[in-house]
Number of protein chains: 2
Amino acid sequence: MTRTAPAGDGTAPRRRGRPPRAESADTRDRILAAAREEFSELGYDKTSVRGIAKAAGVDSALVHHYFGTKEQVFEAAISVAFAPALNAPLAVADGPVDGVGERLTRFIFGVWENPTTRTPLLAILRSAVNNETAAAVFRRLIAAQLLRRLAEQLDLPDAQLRAELAAAQLVGCAMLRYVIKLEPLASADLEQIVARVAPVVQGHLTGP
Amino acid sequence: MTRTAPAGDGTAPRRRGRPPRAESADTRDRILAAAREEFSELGYDKTSVRGIAKAAGVDSALVHHYFGTKEQVFEAAISVAFAPALNAPLAVADGPVDGVGERLTRFIFGVWENPTTRTPLLAILRSAVNNETAAAVFRRLIAAQLLRRLAEQLDLPDAQLRAELAAAQLVGCAMLRYVIKLEPLASADLEQIVARVAPVVQGHLTGP
């Protein structure tokens, strides 16, 4: 963040002494944070590059300079939110293959249970359901990156379809528990859900 | 529909001769059809009672007279679309219990594969993801009616949670196949999907 408080000795803010590279990384981060906030609150359709720029305290031209179109800002903003998820399949494989279902299930619910990571996920889901451009970004990130990596590790026929059906169980749980808030699912103990869902995810991934 | 073509003999439209009861049923149906169309195209937030009235060719006061608030119009409009689904669990039970998973799976995919029933479902899903009022309507219809009826027939501990996790698998499949259009799931042969999904739904409903 560049808008830090003045240094403790009362002199000008320390950021003045930073090299340009750090300054520009700060600005990028600030734009991405503002973009996530705007997309989360307003959805894809109602979010504008101008609104993001305003929220980040920069000129719209700077947003275009760093990221390009609104679609590209969206992809960049949610890629950051997805970064842990995109690394997950590799971690998921860090263990016996008969535990991959439970590891993936715990990882996905972990992301949704944490309010910090839930907000951008909700934004992505809302935008993807309502807007074809946002759905395409979602497809690229989820299908081409997360699920393909998982499928490659399975090395089975129909591995990509298996990974998508496993994802469908988890996406559906997230929809009904966190978005629609169906009871008793919305308030059920996480361990009870994992006990029922993990074997299903495992079955999709490695079952007959 | 009241806007029928004039009768074949060139006289005034036949509807003039209808009793008031039929006339008002026609008007109700026309309003509901217009409401489904508006909610599908615009989503819950952007749809207005005024817009529905205009599309139906009636005064807004008449929409309020028949249905009340926008939320009530929404519930009435989607209840019609849900009518076959609300009767489904009963039909689902019309057979051996070890086939309930496949019957439910085929029923749900059947509704989604049919463009006529897919459109209102998409409208409901989009609205429910984006608007808390619409989500509440969705909860009442899905949870209180469809899933509770299914759960009652199962007569098992945690039957409602089981029904919701089965629904989660099907909702997730619908999301990824029909809304996000992830490949290969979006183009996969329906029988291939049913073969993988029906046992999972069965397991949730009646498994250990």
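Where in chain B does B:Asp158 lie? B:Asp158 belongs to the loop between H7 and H8 of chain B. Welcome to a short tour of this predicted model, told as a set of figure legends.

**Figure 1. A backbone close-up of B:Asp158, in the loop between H7 and H8 of chain B.** Have a look at the backbone angles here: although B:Asp158 is not a glycine, its phi is positive, at about 60 degrees. In chain B, helix H7 covers residues 132-154 and helix H8 covers residues 159-179.

**Figure 2. Cis peptide bonds leading into A:Pro184 and B:Pro184.** In chain A, the bond from A:Glu183 to A:Pro184 is cis, and its omega is near 10 degrees. A:Pro184 sits in the loop between helix H8 (159-179) and H9 of chain A. Turning to chain B, the bond from B:Glu183 to B:Pro184 is cis, with omega near 10 degrees. The loop between H8 and H9 of chain B is where B:Pro184 is found. If you plan to work with these coordinates, these are the two omega angles to look up in this view.

**Figure 3. The salt bridge of A:Arg140 with A:Glu71.** Over all chains, the rule counts twelve salt bridges, and this view picks out one of them. The side chains of A:Arg140 and A:Glu71 come together at 3.4 Å, N to O. A:Arg140 is part of helix H7 (residues 132-154) of chain A and A:Glu71 is part of helix H4 (residues 70-92) of chain A, so this pair ties together parts that lie 69 residues apart in sequence.

**Figure 4. The contact of chain B with chain A, seen from the residues of chain B.** Each chain brings 43 residues to the contact. About 3700 Å² is buried between chain B and chain A, with 67% of it on carbon and sulfur atoms. On the chain B side, B:Val129, B:Ile180 and B:Arg196 lose the most area to chain A, and together they make up 18% of what that side buries. What do the polar counts across the interface look like? There are zero salt bridges by the rule, while 13 residue pairs are in polar contact, both residues being at pLDDT 80 or more. H1, H6, helix H7 (132-154), helix H8 (159-179) and H9 of chain B each give two or more residues to the side that touches chain A. H8(B) provides the largest share of that side, with 14 residues. Sorted by class, the side of chain B that touches chain A holds 26 nonpolar, six polar and eleven charged residues.

**Figure 5. The largest pocket, with a volume of about 490 Å³.** Its lining is made of 22 residues, and those nearest the centre are A:Asp45, A:Lys46, A:Asn130, B:Asp45 and B:Asn130. Both chains take part: helix H1 (20-46) and helix H6 (115-130) of chain A, along with helix H1 (20-46) and helix H6 (115-130) of chain B, each supply at least two lining residues. The lining of this largest pocket has four nonpolar, ten polar and eight charged residues.

**Figure 6. The second largest pocket, holding about 230 Å³ of space.** Chain A lines this pocket with A:Ala195, A:Arg196, A:Pro199, A:Val200 and A:Gly203, and chain B with B:Pro199, B:Val200, B:Gly203, B:His204, B:Gly207 and B:Pro208. Two or more of the lining residues come from helix H9 (190-206) of chain A, and likewise from helix H9 (190-206) of chain B. Which helix gives the largest share of the lining of the second largest pocket? H9(A) does, with five residues. By class, the lining of the second largest pocket splits into six nonpolar, four polar and one charged.

Key: Residues are numbered from 1 along each chain as its sequence is written. Chains are lettered from A and ligands numbered from 1 in the order in which they are written. This is a predicted model: local features need pLDDT of at least 70, side-chain atom pairs count only at pLDDT 80 or more; totals for chains, interfaces and linings use all residues. Side-chain values use heavy atoms; hydrogens and water are left out. On a 1 Å grid over the protein atoms alone, a cavity is a set of points where a 1.4 Å probe fits but cannot get out, and a pocket is an open set with protein on both sides within 12 Å along at least five of seven lines; lining residues have an atom within 4 Å of a point. Grid points are joined across faces, edges and corners, and a volume is the space filled by probe spheres set on the points. Helices (H or I, at least four residues) and strands (E, at least two) are DSSP runs, numbered from the N terminus. Ala, Val, Leu, Ile, Met, Phe, Trp, Tyr, Cys and Pro count as nonpolar, Asp, Glu, Lys and Arg as charged, and the others, Gly among them, as polar. Contact means heavy atoms within 4.5 Å. Buried area is the accessible area (1.4 Å probe) that two parts lose on being put together, summed over both. A salt bridge is a side-chain nitrogen of Lys or Arg within 4 Å of a carboxyl oxygen of Asp or Glu. A polar contact is a pair of N or O atoms within 3.5 Å; within protein, one must be able to donate a hydrogen and the other to accept it, and residues adjacent in sequence count only if both atoms are side-chain atoms.
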